[in-house]
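Got the model open in your viewer? Here's a short tour of what to select, stop by stop.

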Amino acid sequence: MAAKRGSIAFFATYRPPLALDIFSLPADPNATRQDEIHLTDGISYNYNGQAIPPQALRTILRHSQSASSSPPSNLETLHIALRFNRDDDDDDDDDDDDGDNDDDDDGACDDDDDDDSDDDDHCGDDDDDDDHYYDDYSYDDDDNCYYDDDNDDHNNYDNDNDDEEEEEEEEEDNPCPTEVQVYSFVDVYGTFSGVRMEDSGCIAGGYTKGNGTIDLYLVYASTMEPIEDRRQPWTAVYKTNLRTGKTKRLTPQGVSDLSPSVSPSGKKVAMASFERNGWQGENEHLHTDIYMMHIRNPHVERRRVIRNGGWPTWGSDNIIFFHRKKEGFWGVFRADISNGKTRVTHRVTPVGIDAMTPAAINDTEVAVATIRKKSKFDEDRVAAQYRHIEIFDITAPRQESIEITRNTRPKTDHYNPFVIDGGNRIGYHRCKSAHLKSGKDMHRYFQNLKSPKHVELNRVSGVFPTISSDGSKLAFVDNEFKSLWLADSKGVRMVFDTKGPDNIFSPVWTQNPEKDTLYVCMGPSFNADKPLEIHAIPNVSNVSSDNIRSVPLTRGSFNNAFPSTDPRGRRLVFRSTRNGGDKRYKNLYIMKNAKIGEFSGGTIRRLTRGAWTDIHCQWSPRGDWIVFSSTRDKPRDAPEKSIEGDPGYFAVYLVKVTDPDVWVRVIKSGDDIAGHVNHPCFSPDGRSIAVSADLAAVSVDPISLPLFLHSVRPYGDIFTVDINTRDIYENEDIENYTRITHSRYENSTPTWTMHSTIRLDAVWSSRLKNSYVPTSTYKYHEGGESERRIGHLCIPRRCC
């Protein structure tokens, strides 16, 4: 049954189709691949692990006895993975004694200091996507885990590299843990259960005060509460009492914090904060400062200790390591903050390499992720161009380091180290890319996500998803913009391949349910200087891919894109650079006959005009208005391109089809119009508009993500805004909106249908029996990860 307002599907541009999972290696340069331990259960996307101290683990275990292992919620939330390497003794059942309770939930309790618990137990950030990539497990006689690949659907294409791939898979001999239990933190403690993102969990408290011990807390960042200002992060730092389950906000209202870290004593919390700078649209190097506060009196003792820094980690209660970009390279620095003021700042990693996301082992040693040599897109990377984990010691000569991962998997990227067992082991997460095969098959998933009650929400593996008006068909293009894919009652299949230099993107169904037509853009993508044409593909679901044909509708030397039909499927609105001059300004045009376009006497009418960009247009279900994104209100003194080459200044507008002088701005991002509100689409009843926007800015530090030179924005979520369907002018600068997704990636290109998409989910699942192994047309001959191979959207940094 469909939700009250239907279903929204979208694409996540940064999120790799291959799952990330958490592993660890000994802090030994001679460690081998066999020494790598898989710390999680191999299900879902797992990030940013942290070891749980034994004292905290005992408290969590008491609570987890009443909780069951967590089913997938498809939210990026905190999970607890318990990995049992041996038979454990019975838990100590002694209850905590009450102690000092002078600060509301900050009780003190006596607790044993039993260190018998396994230090490999950790708290992780689990994207919990249940992707069905690797969810069939089989165990051999030695209880080692291997991936069962019995799905015939994986082998639809000839693979000339089968032998090589088998050898590569054999190298992935890391045993999967046989006894791992994963619990959702919200299920164990009953914390906030709405739609949100959680990250960077770490343990605080547990120190002695008077005759008792202060309670233990999980400290973490969450987007559970909205912030009043637009275009600012919703992330704030919270603490949850591990004994009582009570949650308290540590970040002051109106302030945005992320990447919290707890000092070794458990008393202090450091975090990256936008408190003085705010977020200005930066998409790689965040302009944050590092603040410190006391776990029990956060607002009284909060103060800035480091300017221009992020990702703090404590070497001692007076030493903080952090990263910042300086002299063109990311570096890890060490600061002495004795007496609450920064006394000495020292660059730990050498200039000339990129080093980020530090994890302190002690006050002189720190584990970092490094990229020792920059790379270019499409380059066959060497080991130094991958992200690897290294340990630096400030007492070592010439900034020498201990390489942890380069010897075990030289051509695999490793992310965000954390410390286990006092530094004897180093944890990290990485893609499980050794199981990606070569071929032309599509990375396929269709995931139903937790969402606000009024809509269903689905994440699609393909780019530019579009759902037919009756909800029976979904189309999208692959990450290379080379092929068009279709999901319907017949299954999931490729229906059109460009087979040449041109790209294909931005498919859209006709609004007329009686017609089986898709409209697409064909030509160079995201390059306004080159011709781009709109094509129709009739009978797309009823003709074999060998016989399918595309019909060009536009011609000339213009860049035409983002078509949308009227409700009857007779006319087409699109954006074009025709009449745009040397600067290639883009305006909206209406094609009066969507069947013949500009050919055979067909005509084009100009709808909007101006020295700006009008883009991402869609015709309303009632046929009277068109919604679109535009830079028309960009201030005259605004730079041509803002931070890091991002043009910005996009807001969403409505225009009357019969009178282009009747238009109104519906929703903007920042107060100065800066920002991105893009890809608007109407709800099927026409009473709401869904957009992809930076209204909530970033939710994590972007450099901690699988970030590549060609990547698009690492931020953006889906929002909806309700509109007045009777009077267009009543929709001017609407204040209220609803956040639909909470993600570390960019969620974009929403499509909205009134009909439930569960039937498509069922089709998808039926085609992916057993485990599904994605394939890729891009594979390094020696088996290394390539940027394309792990499935990132492969386009230049875009300018819309």
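Start by selecting Phe-185, Tyr-189, Tyr-220 and Tyr-238: ring pairs link these four residues into a cluster. Keep in mind that this is a predicted model.

Now zoom in on Phe-185 and Tyr-220. Their rings meet edge-to-face, with 6.0 Å centre to centre and 70° between the planes. Color helix H3 (residues 185-189) and strand S15 (residues 216-222): Phe-185 sits in the helix and Tyr-220 in the strand, so this pair ties together parts that are 35 residues apart in sequence. Switch on a surface and check Phe-185 and Tyr-220; both are buried.

Next, hold on to Tyr-220 and add Tyr-238. How are the planes of Tyr-220 and Tyr-238 arranged, stacked or edge-to-face? They are stacked, 6.3 Å centre to centre with 25° between the planes. Tyr-238 belongs to strand S16 (residues 236-241), while Tyr-220 is in strand S15, and the pair links parts of the chain 18 residues apart. Tyr-238 is buried, just like Tyr-220. If you enjoy hunting for ring pairs, the whole structure has 14 aromatic pairs.

Staying with rings, let's look for charges. Select Lys-267 and Tyr-207: the lysine lies over the face of the tyrosine, 5.3 Å from the ring centre. Then jump to Arg-578 and Tyr-589, where the charged end of the arginine sits over the ring at 5.7 Å from its centre.

Time for a sheet. Select strands S26, S27, S28 and S29, and you'll have an open sheet of four strands in that order, with antiparallel pairing. Which strands sit at the edges? They are S26 (354-360) and S29 (401-403), each of which pairs on one side only. Turn the sheet to view its twist, which averages 30° from one strand to the next.

Within this sheet, pick out S27 (residues 365-371) and S28 (residues 388-393). These two run antiparallel and are joined by six bridges. For one particular spot, label Thr-370 and find its bridge partner, His-388, in S28.

Last stop: the cysteines. How many disulfides does the structure hold? Zero. Select Cys-617 and Cys-521 to see one case: the Cys-521 sulfur is the closest cysteine sulfur to that of Cys-617, yet it is 9.4 Å away, too far for a bond. Cys-617 has 7% relative accessibility, so it counts as buried. Finish at Cys-431, which also counts as buried because its relative accessibility is 2%.

Methods: Residues numbered from 1 in each chain as written. Predicted model: local features only at pLDDT ≥ 70, side-chain atom pairs only at ≥ 80, totals over all residues. Heavy atoms only, no water. Pairing = 2+ DSSP bridges. Axes fitted to C-alpha atoms, helices over the stretch in contact; angles between N-to-C directions. Phe/Tyr/Trp six-rings, centres within 6.5 Å; stacked < 30°, edge-to-face > 60°. Buried < 20%, exposed > 50% of the residue type's maximum accessible area, 1.4 Å probe, protein only. Lys NZ or Arg CZ within 6 Å of the ring centre and 35° of its normal. Disulfide = S-S within 2.5 Å.
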